[in-house]
Amino acid sequence: MELNEIKKKLSGNLKESRYTHTLGVAYTASAMAMALGADIQKAFRAGLLHDCAKGYPIERQMKLCSQYGIILTREMKESPQLLHSALAPYIARDCYGNEDAEIASAVECHTTGKPGMSLLDKIIFIADYIEPGRKDIPGLSEARRLAFSDINQCLLKIIENTMQYLKSRDQAIDPRTTETHEYYKEGDH
Ligand code: DGI
Ligand code: FE
Ligand code: FE
Ligand code: FE
């Protein structure tokens, strides 16, 4: 699907603030791709698509998960904000014509990360946290600086900040977040 068509459809399916965030992620991801020598067009497209499932009400997201055969874990039931990333590769494919496996991977792991992330996976995960519209989130200025100096350190910081934030709000940490943290705290990735 052409970028303009994707944008038009997204702007109809997401509330305005979410669409603005989406554009912020797309542009931030492409700037990171420029700095890191990654595929700029892919980064832009993945940024556009990362929250494509977020506009559906939670009930609808639950139904879509069962239609796509996504097994809901206890954490997903307790914290339904985890559903939109599990759904993202399917909605990106079926509503936005995405056939690119690297983009599918990046949108799927953008909330929890995963061990052994690709460069594009990391770019989307980080861009989601640091895009210019974000404010009042822990460690934001450090994450913004690290994004353009040490991408793995940046990733680790974001995961640690998120785990801290979830603990402070008594929210369950998804096992995938824990696995990602274990993997990246060992360094050298
Ligand atoms: O969709 P966005 O708001 O742009 O950002 P996101 O997809 O990265 O995160 C959505 C929410 O998911 C955010 O409030 C943080 C939360 N989250 C991230 N990791 C975990 C988590 N929630 C739980 N319960 N467990 C996690 O491990
Ligand atoms: Fe998201
Ligand atoms: Fe995120
Ligand atoms: Fe997002």
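How many Å separate the iron ion (ligand 2) from the iron ion (ligand 3)? The gap between those two ions is 5.6 Å.

Before going further, some ground rules. This is a predicted model, where local features need pLDDT of at least 70, side-chain atom pairs count only at pLDDT 80 or more, and totals for chains, interfaces and linings use all residues. Residues are numbered from 1 along each chain as its sequence is written, chains are lettered from A and ligands numbered from 1 in the order in which they are written, and side-chain values use heavy atoms, with hydrogens and water left out.

**The iron sites**

Let's start with the iron ion (ligand 4). Its protein donors are His21 (NE2), His50 (NE2), Asp51 (OD) and Asp128 (OD), at 2.1 to 2.2 Å. Donors here are N, O and S atoms within 2.8 Å of the metal (3.2 Å for Na, K and Ca), and since water is not among the atoms, sites may look incomplete. If you want to find these donors in the sequence, look for the spacing H-x28-H-D-x76-D. His50 and Asp128 tie distant parts of the chain together: His50 is in the loop between α3 (40-49) and α4, Asp128 is in helix α8 (residues 119-130), and their positions lie 78 residues apart in the numbering. Helices (H or I, at least four residues) and strands (E, at least two) are DSSP runs, numbered from the N terminus.

Now for the iron ion (ligand 2). Asp51 (OD), His84 (NE2) and His110 (NE2) are its protein donors, again 2.1 to 2.2 Å away, and they are spaced D-x32-H-x25-H in sequence. Asp51 sits in the loop between α3 and α4 while His84 belongs to helix α6, so to speak a link between distant parts of the chain, 33 residues apart. Asp51 also does double duty, bridging the iron ion (ligand 4) and the iron ion (ligand 2), which are 3.5 Å apart.

Here is how four of the donor residues come out for burial. Buried means under 20% relative accessible area, exposed over 50%, and partly exposed in between (1.4 Å probe, protein chains only).

| Donor residue | Relative accessible area | Class |
|---|---|---|
| His50 | 0% | buried |
| Asp51 | 2% | buried |
| His84 | 5% | buried |
| Asp128 | 11% | buried |

**Gln61, beside a donor**

Gln61 is in helix α4 and counts as buried, at 3% relative accessibility. Its side chain reaches the backbone nitrogen of His84 at 3.3 Å. That is a polar contact, meaning a pair of N or O atoms within 3.5 Å; within protein, one must be able to donate a hydrogen and the other to accept it, and residues adjacent in sequence count only if both atoms are side-chain atoms. Setting aside neighbours within four places in sequence, Gln61 is in contact (heavy atoms within 4.5 Å) with Ala53, Lys54, Tyr56, Pro80, Leu83, His84 and Leu87. Take Pro80: 19 residues from Gln61 in sequence, with 8.6 Å between the two C-alpha atoms.

**Helix α3 and the core**

Helix α3 is mostly covered, with seven of its 10 residues buried. These are Lys42, Ala43, Phe44, Ala46, Gly47, Leu48 and Leu49. Their cover includes α1 (3-13), α2 (16-36), α6, α7 (101-108) and α8. At the start of α3, a side-chain oxygen of Asp39 comes to within 3.1 Å of the backbone nitrogen of Gln41.

The largest nonpolar core has 55 residues, and Leu10, Met32, Ile126 and Ile130 touch the most other members. A nonpolar core is a set of buried Ala, Val, Leu, Ile, Met, Phe, Trp, Tyr and Cys residues joined through side-chain atoms within 4.5 Å. Leaving out residues up to four places away in sequence, Ile126 touches Met32, Ala147, Ile151, Cys154, Leu155 and Ile158.

**Rings and a charge**

Rings of Phe, Tyr and Trp (its six-membered ring) pair if their centres lie within 6.5 Å; planes under 30 degrees apart count as stacked, over 60 as edge-to-face and the rest as tilted. By that rule there are three aromatic pairs. One of them is Tyr68 with Tyr90, which counts as stacked because the ring centres are 4.7 Å apart and the planes meet at 25°. This pair also links distant parts of the chain: Tyr68 is in the loop between α4 (58-67) and α5 (74-78), Tyr90 is in helix α6 (residues 83-96), and they are 22 residues apart. Both rings belong to partly exposed residues, Tyr68 at 23% relative accessibility and Tyr90 at 26%.

Tyr183 and Tyr184 make an edge-to-face pair, because their planes are at 70° with ring centres 4.8 Å apart. Tyr183 is partly exposed at 30%, whereas Tyr184 is buried at 4%.

Lastly, the charged end of Lys9 sits over the ring of Tyr96, 5.2 Å from its centre. For that, NZ of Lys or CZ of Arg has to be within 6 Å of the ring centre and within 35 degrees of the ring normal.
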